[in-house]
Structure formats: structure tokens, C-alpha cells
Amino acid sequence: MQSRGTAIVELKRDFQAMNTINVNDSAKEGILGDLNDLHNLNTLESSDNPFRVIFAVAKLSEGWDVLNLYDIVRIGEQSTTLNQTNSEAQLIGRGARYNPFVYQGENSYTRRFDNQNPKYQLLESLYYHTINDPKYLDNLKKSLDKMDLPVEDDSDFDVFETNVKPSFKHSKVYQQGNLYYNEVEPVPDKEFNCLDRYGVNTTTMAEVNLVESTWETNYNAVAIEKDPLTETRFLFKFRDAVILVKKAFSRNKFYRFNSLKQYIPTLNSLNEFMTADNWLGNIRLYARVSNGSPALNRKQQLKAVEQYLTFVQKQIINNYQRQRGTKRFIPVPIKSLIRDYQKKVAKHFNKPRLQ
């Protein structure tokens, strides 16, 4: 559990001056004059891109989309015509239509949480910050209406309250009781020293399914019902197919060294990951194919490698835990966790919420 102090320090670090880009229209060449800025602006979704704030005066109004845009801050108090707000609405629309994050292993570009927990709805909300100028806001809403983009009006809302019963507040349990959670500790980097640590068994056969009629896969070769029309063939050990593995790596950004290093802190090189016994090297790859089919060509072998590497990727990501629970339990007063609660819900949108 991340403390509030840790979160504040992390936010301050993320939004320091060195993590901002200033793009303005005063220079003749503008953004195109700095190829490094151009690259950074077009890779904002990359996990290793440090930039969090973009200052722009109109240079980015056309031809630039950013997937992970969640806040737009309008700086300036000049009056704005309807034609001008049309342009601003287009910028808002480009940010609002993207929801690229991965949730439960899936990447989606459509809204998923409209009818779920509000904490998830936050992931699909874009906030537009501006001064409270009624004429400007009215023009902006008209522009957004033309785009069929629903916007919540936070000037008129209901407040819903949930209150703890007074009788429970005066009880001994509430006043003196505690809930306990187990304290966590960091996992040392040295423990991430083999694929077995990530739930990938490197001593048993690894099987992928190349039968065209189905994509059901058994990676661990544990008892499955064998189709009499299929057979399982040994392909190779990973260390004996380095050329194929390198090709598969080149087609998957996860298997770049800087990406793997984020999840495998003890890794020294890609070659080590491909050939060492504690990584991929000793894994024997098998493929289930149609009975009597010809020997697999290089393209089919590459497909088998890529299919297995997808499984390994998921295991590495899902099992890389930087913290773990201990047997030390920390008391937390019940009255600090169970409290009166308020929630503001807007009464109106500029249009009915899309379903």
C-alpha cells in the first residue's frame, strides 16, 4: 500500500521542470526545429517517456494525437468566439476518445467503466480546466454538442451522503477496535533470478498449439485430452534456436533489453535470457500439429516461438511483485476507516450519457 507521502513525492518528481515540453508558435520552425522534442511528443505513451506536461499555443491543434491525455488546462482569460471553441472542442475530443490502458490483460479503445465503480471511471475521464467565464463555457458546450461528446456539468450536482449509525459510533468496537493488515516489505532484486521465480517451469516440456482449428494452448504439458487427429512434435531447445528467438524478440517490444530489465533486475543481457538454463535456454519447445502434417517450416517455427513468448511475457508481468506481505500485522483504528461519506453526482450533462 503506497503512503500518501510517497505518492506526493512521486507526483512532485514526475511534474518537475525537466519533465515538461514547451511547444510555442514564436519560432519559425516551431516543433519541427527540435527533432528530439518531436520524438518525445510522439512517444508519450511509452513507459520510459518522462514527460508529463506540454505547453502549447496552437502548434499541436492539428495532426497530433496523444493516447494518455487526462487533463487540459486552458491558460488565458481572453474572450473566445464559437469558431475558436470549435477548435478547442476538437482538441478535447481527440483526448477524450482514447482509452488505451491495459485492464485485465486486454487493451481497449472504447469506454468500459461507465456503470462500474467510480474509481475505475476516473481512468476514462478527461478534465478540462478553465476560468469560470459563462459566455466561453456556453460556446464550448455548443461546440461539444456538435461533436456528440457528453460533458459533465459540475456547476449543478446532487450530494449523496452515507453516515455511520450514531449507535455504532458510540460502541466500544468503533471507539477502541482495530482492523489489522499485514505489513509489506520490498522483495530484493536478487530473488528475481530465474523464470521459475515468475511461474515458468524451465524443466518440463513447453507445448504450444499450432492446429489451425483451435487456439487452445497447453504450455505446461499437463494432462490434457489428446485429439487423435493431432500429434505433438519436439522442435528444439531455445538455446539451439537463437536466430529464431532473436527474430521473435525483434517483433515484440517487451523483449527489448530496457523493457525486460524493468521486470528482471538481475538480467545482464538478452543473450543470457535466451541461452542460460535459468532463463529460456534449457526449455524444450513442442508443438501440437495436425496428424501427418509435413515438417514445420521456419515461419511456423517462428509462430510457435512467438506464441510461447507471449505466455512467458504474461507470466513475467503478472508475477513481478516488488513488495510482499510479512507475518507482521499493523493495527488500524476502525473509526479511521469507517467514516461518513459524501459523493457529488452531476445532475446534468450537455447531452444524455452515451450507452
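The following exercises, each with a worked solution, introduce the structure shown above.

The model is predicted: local features need pLDDT of at least 70, side-chain atom pairs count only at pLDDT 80 or more, and totals for chains, interfaces and linings use all residues. Residues are numbered from 1 along each chain as its sequence is written, and side-chain values use heavy atoms, with hydrogens and water left out.

**Exercise 1. Overall description**

Determine how many helices and strands the protein has, and what percentage of its residues count as buried.

Solution. Step one is the secondary structure, in which helices (H or I, at least four residues) and strands (E, at least two) are DSSP runs numbered from the N terminus. The protein has 12 helices and 13 strands.

Step two is burial: buried means under 20% relative accessible area, exposed over 50%, and partly exposed in between (1.4 Å probe, protein chains only). Of the 355 residues, 30% count as buried.

Step three is the surface, with areas from the Shrake-Rupley method with a 1.4 Å probe, where for residues only the protein chains shown count as cover. The accessible surface comes to about 23,300 Å², and carbon and sulfur atoms account for 52% of that area.

Step four concerns contacts, defined by heavy atoms within 4.5 Å. Among contacts between residues at least 6 apart in sequence, 74% join residues at least 24 apart.

**Exercise 2. The nonpolar cores**

Identify which helix supplies the largest share of the largest nonpolar core.

Solution. A nonpolar core is a set of buried Ala, Val, Leu, Ile, Met, Phe, Trp, Tyr and Cys residues joined through side-chain atoms within 4.5 Å. The largest core has 40 residues, and those touching the most other members are Leu 195, Phe 238, Phe 273, Leu 280, Leu 285, Tyr 308 and Ile 316. Elements that each supply at least two residues of this core are strand 9 (206-209), strand 10 (230-237), helix 8 (242-250), helix 10 (270-275), strand 11 (284-290) and helix 11 (298-319). Helix 11 gives the largest share, 8 residues. There is also a second, separate core of 8 residues, including Leu 69 and Leu 149.

**Exercise 3. Helix 11**

Compare the expected span of helix 11 with the distance between its end C-alpha atoms, and state whether Lys 299 is buried or exposed.

Solution. The expected span of a helix is 1.5 Å times one less than its number of residues. For the 22 residues of helix 11 this gives 32 Å, and the end C-alpha atoms are 31 Å apart, which agrees.

Buried residues of helix 11 include Leu 302, Val 305, Tyr 308, Val 312 and Ile 316. The buried residues of this helix pack against strand 9, strand 10, helix 8, helix 9 (257-263), helix 10 and strand 11.

Lys 299 also has its place in helix 11, but Lys 299 is exposed, with a relative accessible area of 70%. Lys 299 and Leu 244 are 55 residues apart in sequence, while their C-alpha atoms are 9.3 Å apart in space.

**Exercise 4. Salt bridges**

State how many salt bridges a search of the whole structure finds, and explain which parts of the chain Arg 324 and Glu 191 tie together.

Solution. A salt bridge is a side-chain nitrogen of Lys or Arg within 4 Å of a carboxyl oxygen of Asp or Glu. The search finds 11 salt bridges.

In one of them, the side chains of Arg 324 and Glu 191 meet at 2.8 Å, N to O. Arg 324 lies in strand 12 and Glu 191 in the loop between strand 8 and strand 9, so the pair ties together parts that are 133 residues apart in sequence. Arg 324 is partly exposed at 30% relative accessibility, and Glu 191 is partly exposed at 26%. Both residues belong to a network of salt bridges that also links Glu 183, Glu 185 and Arg 328.

Another salt bridge joins Arg 288 and Glu 207, whose closest N and O atoms are 3.4 Å apart. Arg 288 lies in strand 11 and Glu 207 in strand 9, so this pair ties together parts that are 81 residues apart in sequence. Both Arg 288 and Glu 207 are buried.
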